[in-house]
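Let's take a walk through this structure together, one region at a time. Have the coordinates open as you read, and follow along.

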Amino acid sequence: MASVSFRGIEKAYGTTKVIHGISFDIQDGEFMVLVGPSGCGKSTLLRMLAGLEEITGGEIAIDTRVVNEVESKDRDIAMVFQSYALYPHMTVRDNMGFSLRLRKAPQSEIDRRVGDAAKILDLDPYLHRFPRELSGGQRQRVAMGRAIVRDPKVFLFDEPLSNLDAKLRVAMRAEIKALHQRLKTTTVYVTHDQIEAMTMADRIVVMHDGVIEQIGAPLELYDHPDNLFVAQFIGSPAMNIVNGTLRRAGPAAYVEAAVGVRWPVGAGAGVDGEAVALGVRPEHLGITVPGGDAVSAEIIVVEPTGAETELVLQVGGEKVLLVTHGRPEVRPGDRIGLALDPARLHLFDRTSGRRLTS
Amino acid sequence: MKLRDVTREAKLLLVGIPVALWTLIPIYHMLLFALSTKDEAFSGRLWPAHPTLSNFALVFEQKNYWLNHFWLQLWNSLLIAVAVGAITLFVATGAAFAISRLKVKGGRLVMNLALFTYFIPAAFLAVPMYKAMGTYGLLNSQWALILAMITLASPYAIWVLKQASDKLPVELDEAARIDGASPLQLFRLVYVPLMTPSLVAVGTYALLLAWNEYLYAFLLLSRDTDITLAVALGHFLSADDSPWELLMTTGFIYALPPAAIYYAFKRYMVTGLTAGAVKS
C-alpha cells in the first residue's frame, strides 16, 4: 500500500500541451477516481503514473519515491486495461502468473498466489481456459486477477468497464468496490462515466481540458460544485442551468431570466445586475399551485419511470427538467408553479463559471 | 437454391474452369511425359498406351548423364531453401518487431526502402548481385545464392510481418511491460507465439521462393555438385536430343515438395499473408 502524489504534472505532445500542471495527493488505501469527458487528459495522467507515457514536466511520487525515471515494472503497480489485454495464447492460470514467472518466483509460490487470487474472484473453474473461451465479465475478472497476484502498491484501472454491457457493468462495479474494501490497496480508477465515479470513489478528481476542475468526495461534488462544469458533469439527469441577471430587492434576491421570469434565490450571492447562471437539480424542484411568487411552468412531456416521474417543463424560453417521486396527477399542457428551496440552488458567475459565494 | 445463388455459382464457375484448366494442363502434360516411354512421349495420345514408372526408376537410380547428381542436387535445393526460409524469417521478424512494436527511429524509412526495392525487377539486379558476390569471393559458394535469395525475400517478408504486428493490440505490450517483461522477453513470450500464423506463412514463402529460383541459382553457382535441381533441369535443354520424359519426370518430382508444404500450411498461408490487409 502506498500514497501517490502528483506535483505540477505537465504533458505535451510536440508543441500541443494536453495537461497543464496538475497537483494532488492520493492517500494510502484510497479509491481515487479520475473522471472527465474524453480528451480531458485523465487517461494520459494514469499512463504517466503507470510509466507508459513520458512525463513532460513535474513529478510523480509513489510513497516518497519520485518515479519519473523509474521503469514501469519497478514502480510496483498493476494495471487493468479497458481491452483487458489478456495474453491470448496463455491460459487464465498463465496469464495471472505471468508477472511472477518473469520475476522468477518459485513455481510453488506462483501456484499459491494465483490460487488465492482465483479464489477471491471465483475464477477457480476457469484456470485452464484460454481468454477466448471466457465471457466479457470473466475476462475482466482475469485482468483484475492478474493485477491482484502481483500484490502491488497501487492498482490502476483504465476505463475497465467500458467494454461490458450495462447490466454487467453495474455488477462489476460492485465487485471492484468490494475487492477494494477487502484488499484496501490504493487505487486510481479512470472513467468517463460520472455514475461509476460517484458510486465507487472515496474521492473524485474532475478533469477538463487538461486541468482539474474540482477534487472532493462524491457527495461534496454533488452538493457543492465549484463551477458550472462540475455542476453539469456530475449528476444524472444533469442539473438545470438557467441564465439570467441577479436582482437584489431588499433582503431577498431573484434571478431574472429572459422574458421576465423571476427565480427567487433567497439571500443569494453576488451583486445586483450581475450576469449569473442559476443551477438547480431536477430532484430539487417541486410542484406547487401556480400564481403568486412561484415560477410558472408549462408541462411539455410526462415521463413516468415507475419509482419516479420526470417532467419536461417550459419556463420562459428554457426547458427545465423536474424529477419527483411518486406519480403526480398532471398532463402535458397543464400549468404548474415550481417549489424551490433556496438552500439547494447554485449560483455561478456566467463569464468565469465560478460558484458565487456570499 | 435461389436464382441469385445459381447465377453467382455460374459466374464463379465461368472464372474457375479456365483457371483450373490453365493450371492443370501443364501438370497433366508433365505427368503424361513422366509415365510414357521415350518413343511414346510424342505420340499425341491423351493417355499413354503402356503407362510405366520406368522413368522414375531411371531418375532415382541416376541412370542418365544429366541425372548423375540428382540426389545431391535435390539435397542442395532443400538445404538452400530451408536456409533462406529460416534466415529470412529471423531477419524479417526482428525488423518487424523493432519497427512495429519497439517503434525504433527510422522504421518508416526502412519500410519505404523495403517497398522501393520492388520498383526494380529482380532480373535487373542479377548482374550487380553477381558482381557483388564476386567482390566478396562468394561465387560458387552456396552462401552466395542463400544471401541473394534472403535479399530478395526479406523486403516482402518484413512488410507482411509489420502489417501483421500492427494488428496486435498495443495494450499487450504495455501489460507485459508492467508485468516486468524486457523487450526480449516480450519478443519471445508474447510476440512470437501470437505471430505464429504469419511467421509460418512468411517462412514458407521465402522457402518456396528459393526452391523455385532459377536465374540467380544459374548465375551464382556453376559446379554440378553445387547447383540446385532447378538449374540441373535447365541443363537438360542444352543437348540437341533432350530426354524429355526424364526432364518431365524430374520436374514432377521437384514440384512435389512445394505442393506438400503448401498443402500442410494452407491454413496459415491464406490467413497469414492476408493478415492486416482486411479488418477481421
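A residue is called buried here if 20 or more other C-beta atoms lie within 10 Å of its own. Keep in mind that we are looking at a predicted model. By that cut-off, 18 of the 25 residues of helix α6 of chain B are buried, so α6(B) is largely enclosed by the rest of the structure.

Let's stay with α6(B) for a moment. This helix covers residues 142-166 of chain B, and from its first C-alpha to its last it reaches 35 Å, close to the 36 Å expected at 1.5 Å a residue. If you trace its axis, you will come to a kink of about 35 degrees at B:Ser154. The proline B:Pro155 follows shortly after that kink.

What surrounds a helix like this can be read from the packing. In general, nonpolar side chains tend to be buried together in soluble globular proteins. In this model the largest nonpolar core has 157 residues, and α6(B) gives the most to this core, with 15 residues. Which residues have the most contacts inside the core? They are B:Val84 and B:Met149. These two also touch each other, and B:Met149 is in contact with B:Leu209, B:Ala210, B:Glu213 and B:Tyr216 as well, leaving aside residues up to four places away in sequence. A second, separate core has 10 residues, among them B:Val59, B:Trp66, B:Leu67 and B:Leu246.

Now let's move to the place where the two chains meet. Chain B brings 14 residues to the contact, and chain A brings 17 residues. On the side of chain B, the elements that give two or more residues are α7 and α8. Of the elements on that side, α7(B) gives the most, with 7 residues. Sorted by class, the chain B side has 8 nonpolar, 2 polar and 4 charged residues.

Is α7(B) itself largely enclosed or open? This helix spans residues 170-179, and 7 of its 10 residues are buried, so α7(B) is largely enclosed by the rest of the structure. The buried ones are B:Leu172, B:Asp173, B:Ala175, B:Ala176, B:Arg177, B:Ile178 and B:Asp179. They pack against elements of both chains: α1 (42-50), β6 (77-80) and α2 (92-102) of chain A, and α3 (70-101) and α8 (183-212) of chain B. Just after the helix comes B:Gly180, with a positive phi near 105 degrees.

Over in chain A, turn to the strands. Strand β11 (residues 240-249) runs antiparallel to strand β14 (residues 275-280), and 6 bridges join them. One of the pairings sets A:Gly244 opposite A:Val276. Strand β11(A) is also joined by 6 bridges to β12 (residues 252-257), again running antiparallel, and here A:Leu246 has A:Val255 as its bridge partner. The hairpin of β11(A) and β12(A) has 2 residues between the strands, and A:Gly250 takes a positive phi near 65 degrees there.

Our last stop is A:Gly337, in strand β19 (residues 335-339) of chain A. With 17 C-beta neighbours inside 10 Å, A:Gly337 counts as partly exposed. Its C-alpha is separated by 8.3 Å from that of A:Gly286, which is 51 residues apart along the chain. Beyond its sequence neighbours up to four places away, A:Gly337 touches residues including A:Thr288, A:Pro290 and A:Ala294.

Methods. Residues numbered from 1 in each chain as written. Chains lettered and ligands numbered in written order. Predicted model: local features only at pLDDT ≥ 70, side-chain atom pairs only at ≥ 80, totals over all residues. Buried ≥ 20, exposed ≤ 12 C-beta atoms within 10 Å, placed from the backbone. Helix = DSSP H or I, 4+ residues; strand = E, 2+ residues; numbered from the N terminus. Contact = placed C-beta atoms within 7 Å. Expected span 1.5 Å × (residues − 1). Bend = angle between axes of the 7 residues up to and from the residue. Core = buried A, V, L, I, M, F, W, Y, C linked by C-beta atoms within 7 Å. Nonpolar A, V, L, I, M, F, W, Y, C, P; charged D, E, K, R; others polar. Pairing = 2+ DSSP bridges.
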